[in-house]
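Biologist: Can you pull up the model for me? I have a few things to ask.

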Amino acid sequence: MFTGIVEELGEVTAIENLGDASRFRLRGPVVTEGAGHGDSIAVNGVCLTVVEFGDGEFTADVMEETLKRSSLGALDVGSRVNLERPMAVGGRLGGHIVQGHVDGTGTVLSRTPSENWEIVKIALPGDLSKYVVEKGSITVDGVSLTVVEAAADYFTISLIPTTLALTTLGIKQPGDPVNLEVDVIAKYVERLLGASHGGNDK
């Protein structure tokens with residue numbers, strides 16, 4: 001479980017094509033401190049398992065399903081990525097409950113700078129629209145954010161200087177893909193309501 005509070009801006013240092021999968025090597029001295037084989041690290045909001053680690057870097061195997069459902073397949077060597085370790089039991093929940101299970105991808109539509117913040121508009125897949133509400137939470141490339149405006153096919157977020165400086169959201173441009181994870185509580189509520197009304201949503 002993660003909180004969507006990015007700990008480190010990392011970098012892809014190598015990508016190995018394994019046919020139906022890829023092996024990524026990423027630099028992240030902070031998130032690899034104390035890491036072990038089999039640990040989880042969120043990369044742009046995608047929960048990955050540490051295969052090897054050392055010298056401030058770690059490798060993770062990314063299966064075909066993950067490459068299809070997320071924007072990790074669009075990364076190149078040198079790409080910057082948001083990194084976060086799992087939440088420690090007893091720690092503060094600074095963002096919201098994030099699983100690292102990407103629900104889909106969106107596309108940056110526009111950026112509107114202001115004096116102290118920046119409004120970013122992101123295209124929203126139709127099947128995720130019902131889970132996104134004004135003032136609700138959403139995870140964009142692993143960053144826990146509050147929705148400013150929620151429309152049928154897009155939403156906007158307001159980014160403070162800290163988020164712009166310490167995450168990849170500061171360098172994303174219109175046309176760039178981003179990973180989206182909606183609030184899991186909303187999905188559970190939908191499923192429970194469907195069951196209570198005799199529905200069989202899967």
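Modeller: Here are cavities first, then some single residues.
Modeller: This is a predicted model, where local features need pLDDT of at least 70, side-chain atom pairs count only at pLDDT 80 or more, and totals for chains, interfaces and linings use all residues. Residues are numbered from 1 along each chain as its sequence is written, and side-chain values use heavy atoms, with hydrogens and water left out.

Biologist: How many cavities of 30 Å³ or more are there in the whole structure?
Modeller: The search finds 1. A cavity is a set of points on a 1 Å grid over the protein atoms alone where a 1.4 Å probe fits but cannot get out.

Biologist: How much space lies in the largest cavity?
Modeller: About 40 Å³. That volume is the space filled by probe spheres set on the points, with grid points joined across faces, edges and corners.

Biologist: What lines the largest cavity?
Modeller: V108, R111, V120, I122, V140, I157, L159, L169, K172 and V178. Lining residues have an atom within 4 Å of a point. Strands β7 (104–113), β8 (118–123) and β11 (154–159) each give two or more residues to this lining. Strands here are DSSP runs of E, at least two residues, and helices are runs of H or I, at least four, numbered from the N terminus.

Biologist: And by class, what is in that lining?
Modeller: It has 8 nonpolar, no polar and 2 charged residues. Ala, Val, Leu, Ile, Met, Phe, Trp, Tyr, Cys and Pro count as nonpolar, Asp, Glu, Lys and Arg as charged, and the others, Gly among them, as polar.

Biologist: Next, N82. Buried or exposed?
Modeller: N82 counts as buried because its relative accessibility is 2%. Buried means under 20% relative accessible area, exposed over 50%, partly exposed in between (1.4 Å probe, protein chains only). N82 is in strand β6 (residues 80–84).

Biologist: Which backbone nitrogen lies 2.8 Å from a polar atom of the N82 side chain?
Modeller: That of T168. T168 is also among the residues in contact with N82 beyond four places in sequence, including V6, A42 and D141. Contact means heavy atoms within 4.5 Å.

Biologist: What about T156?
Modeller: T156 is in strand β11. It is buried, at 6% relative accessible area. Its contacts more than four places away include I119, V120 and V147.

Biologist: Where does E64 lie?
Modeller: In helix α1 (residues 64–69). E64 is partly exposed, at 40%. E64 and S22 are 42 residues apart in sequence, and their C-alpha atoms are 7.8 Å apart.

Terms used:
1 Å grid on protein atoms, 1.4 Å probe; cavity = no way out; pocket = protein on both sides within 12 Å on 5 of 7 lines; lining within 4 Å. Polar contact = N/O pair within 3.5 Å; in protein donor to acceptor, adjacent residues only side chain to side chain.
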